[in-house]
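Let's take a walk through this protein together, starting with a sheet and ending with a few single residues. Have a look at the picture first, then read on.

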Amino acid sequence: MTRESWSNADADLLVTEGPASPPGNTVFVGHPTAPPVAYLAAGRRQAVQVQPAAGLGPDEVLIGSSLAAELSLGVAQRWTLTATESAPAGTIVLESMVDGSLDQLAAQLQRATGTVGQVCRLGVEAPPAWVHAGGLPFRVRAAYDAGGGPLHGLIRIDPQTRLELFAPALRTGVDVVVLVDGSGSMAVDDIPDAADSDRRVSRMRTLQRALARMVDERQRIRGRPAHLALGTFSTSVRWVFSETSDAPDLRRFRNAIAMLTPRPEPTDIGNALHQAADQLHRHGVPGNDRLIVLVSDGADGAPSGAETNGRLMSATADPVSFIADLNRSFGVKMQTIGVGDPAGFDAWAGSRRTAAEPSLRPDHRLLAELAAAAGGAIRSGGPDVLDGYFTDLGAGVTHAVGPPSAATPTLPHGTRRLLVPRHRRVPPALVQQCAELADTALLLRADLAATAPGPDRLLRVARPAVDRQTYDDWVGDVRHGFENWLDPASTVRSPAADAEGWVLMQIDVLTELVTTMRWDLLARPAGDAAAPAIEGYPG
């Protein structure tokens, strides 16, 4: 049976420090079955991945020192570890914060252990999210479900998640061909307007706005020489922009976007892929990566009963095999963007007085197959998805990495210490006393010369000690914060000469208070009249 929660009332909280410390958001538990994701809360909460570990007792929880510091965990605080819901990412886009070869970063990302199970929170108001792999931090740019729709909230990486690595335009040269579905179905106005949800705009107009965002982003960045082409296709391809440069004529590209107009014709994706491959072969820059971006609603471009009988046409017998061959033989990458969604179309169709053609309903299945054949993943949806994708394309390009290593974090073998023992509760009066002591130390520190050590270690004085080691650290923090004043040979002086005697007196009072506080005040089991003294300390 899966255990859903742990707390200071029923479990011991251990911490491992040093190089063997667990990854930042990994928590190990001794119970054999545990939820994949939980919230660790102590004043504030942090989403963590939970890993069962046979080397722990059934009522033991182990965390790393970085997580303990982040949550300011100490004996003075209650803590809980509670299971929570999370959404598995179908695709997650990561950006490295260090320079390096794109191929090397991608290989390191795919080989890294401990990626599976990591969690992050995405949303408009959420802080930047991070994934750690192979000792490197990667910023999470976006996440999508298996169908290509955007994900928000608590997201986790599963063994089936596709990893993608974003590369800024300044770091890599990429030849890009954007193929836009110009068939009649792109004129359907079933997309909610991003500026006014009560209005609807056409699929083509939604795409044009997103492409304009790509232009805006490109204007801020001067990348490496590359080929950029934009074409619209139905039964044939019409190229409205094609240029090779490190600074393409973006005004002309913006004008080309305005030329994208739907035509009452069916869609021939196979022929369009042939023409895109020819563009890359004839105009691509040697040494650059090559990318085809296919944007379509996947719907039939002509109504049933027309000469084409409303079916998708294909110049190749199997466009999926064709793009797979391009990827395998020439390294051509492909990303597909599905415009609209079936639910949105159904809502739009239900609001019309006349019945809508069923053939106009978005269908992204072929787009998903094409992306998978080239090692990529589909994005699908409305303005938020298109705007986000093309803004990123203006700034750089994403490279398919593949699924993460299935290896999970192992229980570290470093030195462990008891951070918060179960059933132990610090009296509220002591918590207040420690907080006041920390305030006194910090205020006194503010009166010292700028050469004195910073106050970061003094903040730990607000947390009572739990054992002899933490008591030693606790006393040492105060002495370290005032070491220049306590050293008789120090030349440090008070900022105000007439205040020197008062400052020295306060230091004496403070250090005496810290060094003589007894163990029975530091950590006492609830209801106990006294607690055992620490060996070697006055009692």
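A good place to begin is an open sheet of five strands, in the order β11-β12-β9-β14-β23 and with mixed pairing. Strands here are DSSP runs of E with at least two residues, helices are runs of H or I with at least four, and both are numbered from the N terminus. Two strands pair if DSSP finds at least two bridges between them. At the edges sit β11 (130–133) and β23 (396–402), each of which pairs on one side only. On average, neighbouring strands of this sheet are turned by 35° against each other, ignoring direction; axes are lines fitted to C-alpha atoms, for helices over the stretch in contact, and angles run from 0 to 180 degrees between N-to-C directions.

Before going further, note that this is a predicted model: local features need pLDDT of at least 70 and side-chain atom pairs count only at pLDDT 80 or more, while totals for chains, interfaces and linings use all residues. Residues are numbered from 1 along each chain as its sequence is written, and side-chain values use heavy atoms, leaving out hydrogens and water.

Back in the sheet, β9 (residues 91–96) and β14 (residues 162–168) run parallel and are joined by five bridges. One spot to find is V93, which stands opposite E164 in β14. Helix α9 packs on the sheet, touching β12 (136–144), β14 and β23, and its direction makes about 105° with that of β23. Contact means heavy atoms within 4.5 Å.

Now for the interior. A nonpolar core is a set of buried Ala, Val, Leu, Ile, Met, Phe, Trp, Tyr and Cys residues joined through side-chain atoms within 4.5 Å. Buried means under 20% relative accessible area, exposed over 50%, and partly exposed in between (1.4 Å probe, protein chains only). The largest core has 30 residues, and V178, L207, L211, L230, V293, F390 and L393 touch the most other members. Its largest share, six residues, comes from α3. Apart from it lies another core, of 24 residues, including I92 and V401.

Two more residues are worth a stop. E243, in strand β19, counts as buried because its relative accessibility is 18%. Q275, in helix α5 (residues 269–283), has a relative accessible area of 31%, so Q275 is partly exposed. Beyond its neighbours within four places in sequence, Q275 is in contact with V237 and W239.
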